[in-house]
Amino acid sequence: MFQWLLLSENTLTAAENNVWKESALRIILVSGFLLEMGIGILSGWQALQLGHYYILALDGLFFVLLAIAIYYSVRRPVLGSALLIATIYAAAFCIAYFITDQEIARLGLMFVYTAPLIGRMFFGPRVALLLMGINVFPFWLILRHDALPTYPGLGPPLADAHGYIQSLLFLFFNICVPLGVFRLLHALDASIIRHSKSSKDLLASHAQYQEIFENAGGAILLCDVQGTILKANSQANLLIGRDPGDTCKLTGLLRAGTGTAAAPATPDFASLVPGQELRTSAGKLITIDRITSASDNHCIVLLRDMSNMRQMQDALEQSTQRVSFLRSHDHLTNLPNRSMLKRHLDEILPTLRPERRLALVTLRLDSIKYINDAHGMATGDALIKSFAEALAAQVPASGFCTRLRSVVFCFLLDSDADSLDAVTQAEYICSQLPKEIAVDGEQHQVRLSVAIAFSRHDDASSDDLIQRGKVANDSARQSGGQQVSVFDETAAARIRRKLSIEQAIVAALKAREFRLVFQPKVDHDAAIVGLEALIRWRSSLLGEVSPAEFIPIAEGSGTIRQITAFVVDQVCAHIRQITNLQGSCLPVAINLSAIDVVREDLLMLVNASCQRHGVAPECLEFEITETGLIGNENLAIQHLEALRAKGFGITIDDFGTGYSSLSKLSRFPTKSIKIDQSFVAQIGLNEKSELIIRAVVSLAAILSCTTVAEGVETREQEVFLKAIGCGFFQGFYYYRPMEFEQVVALLNANLSGA
Ligand code: C2E
Ligand code: MG
Ligand code: MG
């Protein structure tokens, strides 16, 4: 029941809530109905006893009226309210009109004074004012001293009528209406509490919203449909240059993004679309990130500052370009690199007309190695850079000047079939290149090997031409000529042969394809005084290869170290066998290359081998060519002295072919000098050669060295050599180089002969 009477307000829509009205209406009606029931029963009982049936009818009428009002208060509260006001006026009228006692009648009229209050509660101020105006009439009737009009013919009122009416007034003014007003005030209190709570919530949520709005991570604006800025966060204000309090249009602060000064300035707000680029009045590039319709015809606009983004994009683009540039260009000189040249050649070679050829001119900066060693890599780099600039300045733009490898540059020339014009052009360009380049104030010599290779119509790919260019340049370098050399098949074959020997040596070392032969050395009586070990190689791939061919290649590729180790070990093993055979050792000479002489572990290697096979140092000699001593002289002397000190013999081989001076020769710890066979071959034919041989023999005598003539093939040569005092002889005239088994047989024969 209480729930039905009090109802409860909707907490969310307190302002518009009418629940309290219905509740107050029900309270007034129900309390009025109950009171009226009490008074009605009492007055009705009295009226029944006195026969005043109209009172019963009036009581009944008000019961019905109030019951109907209660009924409608549930379904149609407005009608219920109207019925309540009507009941009040009807009650006042009935009391005044149907009760003859003037005092009671005037009391009854006072009923209507509650009507404006009830009217205000349920219908608003206008109805209340109207009722206040209407109430002037009953007030006037009460003030008048004249009797109030009464229903004619009525008897005296009920004995307790005064009490009934007073009770009605008391109960209505003191209970029904106050209860209704209490309900109203209660609703008001609750509403105030709710309102203050929601105000607080609103403030908190506004602060949160403000925080989000400010820190949402972008420039956010709230605009109306015309584009007037209603609100903007500080990022947006900063971006578009707006003072926070300004009321202005967004488009008034912007102009078309790609527009120049002459471009249409302000775009239309309605035409703005996401992604559109605009410029602020300060010239900043921005973009519309998003436009979203909000409530109340408002729009939320998200702006993005593109100036940084654009800078980043530009930087990214530049770095991408740089990366692709570096991929196709040389870092140091910025010239195109090999892969770019290849791409270029692959493009132009197929388009070459049959009567034309393409000349690839390669230039190798030979002097760079010396400069790197002597002055450091930085100077070398600076020189390469300056040279590249000088070259690029001389080569025509179509020449595609390229850094092919570290010190190899190249460019292209269009040539006719006989290729002479290309050679002339290349020679001219090379003649224009600087002969010296200054780095850090110091002049450095520029030495070049220049070569040309020509395209062929049967070339499978650009690699063929580049490879021919390499071969041409390698052969130009080997010939040492300063003129431009043209690729030729002989040079290419020579280089190919060199490459295949280089590779085959590695395999030969593993497959043990090397072996030694021995050539005896004899004295004046043709007695064998020693042997020279000479290496032989029958390659499974290349057939018989002469040491004169493969030793220089092994020196170049570094495999000579393993070869020498093999020779030293083999010779020591054979010396042991000979010693075992004849009871004493026969000295064996080993040829050392220039690289062997300067290797740090030479003495260690020799000692180890001698120890392994139990060979005394006197049994081992080393032959070093004169040219092998040029270069790292001090180190060579140091190593040779160490060998000599140990007791090993040292011989200078091929003497006379180099350019050793007497003073230089005296520094070497030499035991013996071998006269080169080219002089021996000239004995009897060339007087000059004979003179040289005489000089060498005298020189050896001065230095206390023995002399050996190599390559003795005839008796005439022997006679001459013996006559001038040459100590020992070696050559086909005595013995050819022979297998070790033959040496053993020979020694055995000599032993048994003795
Ligand atoms: P070399 O040390 O001057 O050796 C002498 C060369 O002359 C040998 O050639 C030998 O067979 C050859 N010869 C000897 N007597 C005569 C003759 O009467 N007439 C002619 N025409 N030639 C004669 P080979 O064996 O072909 O060796 C050539 C060069 O290879 C050697 O010249 C030597 O410098 C080098 N060599 C040979 N074996 C080795 C080795 O084990 N190590 C090193 N580092 N070099 C070696
Ligand atoms: Mg020799
Ligand atoms: Mg020799």
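Which element gives the most to the lining of the largest pocket? The legends below answer this, and they all describe a predicted model.

**View 1. The largest pocket and its lining.** Here we look at about 900 Å³ of space. The lining is made up of 37 residues, and those closest to the pocket's centre are Glu 532, Leu 534, Pro 547, Asn 591 and Asp 653. Strands and helices share the work: two or more lining residues come from each of β14 (514–522), β15 (528–539), α18 (547–557), α19 (560–582), β17 (588–592), α20 (594–598), β18 (620–625) and β19. To settle the opening question, β15 gives the most, with five residues. Sorted by class, the lining holds 15 nonpolar, twelve polar and ten charged residues.

**View 2. The magnesium ion (ligand 3) and its donors.** Asp 653 and Asp 654 each offer an OD atom to this ion, while Glu 710 appears twice through OE, with distances of 2.1 to 2.7 Å. Along the chain, the donors follow the spacing D-D-x55-E. Asp 653 belongs to strand β19 (residues 649–655) and Glu 710 to strand β21 (residues 706–710), so the pair ties together parts that are 57 residues apart in sequence. Are these two residues buried or exposed? Asp 653 counts as buried at 5% relative accessibility, and Glu 710 is buried too, at 7%.

**View 3. Asp 653 as a bridge between two ions.** Asp 653 bridges the magnesium ion (ligand 3) and the magnesium ion (ligand 2). The two ions lie 4.1 Å apart. You have met Asp 653 already, among the residues closest to the centre of the largest pocket.

**View 4. The largest cavity.** A search of the whole structure turns up two cavities of 30 Å³ or more, and the largest cavity holds about 580 Å³ of space. Of its 34 lining residues, Glu 36, Asp 59, Ile 95, Ile 165 and Leu 168 are closest to the centre. The elements giving two or more residues to this lining are α2 (19–50), α3 (53–75), α4 (77–98) and α9 (161–215). The lining has 26 nonpolar, six polar and two charged residues.

**View 5. The second largest cavity.** This one has about 30 Å³ of space. Its lining consists of Arg 599, Glu 600, Leu 602, Leu 603, His 639, Ala 642 and Leu 643. Helices α21 (602–613) and α22 (633–646) each supply at least two of these residues, and α22 gives the most, with three. By class, the lining divides into four nonpolar, one polar and two charged residues.

Definitions and conventions
Residues numbered from 1 in each chain as written. Chains lettered and ligands numbered in written order. Predicted model: local features only at pLDDT ≥ 70, side-chain atom pairs only at ≥ 80, totals over all residues. Heavy atoms only, no water. Donors = N, O, S within 2.8 Å, 3.2 Å for Na, K, Ca; no water. Helix = DSSP H or I, 4+ residues; strand = E, 2+ residues; numbered from the N terminus. Buried < 20%, exposed > 50% of the residue type's maximum accessible area, 1.4 Å probe, protein only. 1 Å grid on protein atoms, 1.4 Å probe; cavity = no way out; pocket = protein on both sides within 12 Å on 5 of 7 lines; lining within 4 Å. Points joined across faces, edges and corners; volume = space filled by probe spheres on them. Nonpolar A, V, L, I, M, F, W, Y, C, P; charged D, E, K, R; others polar.
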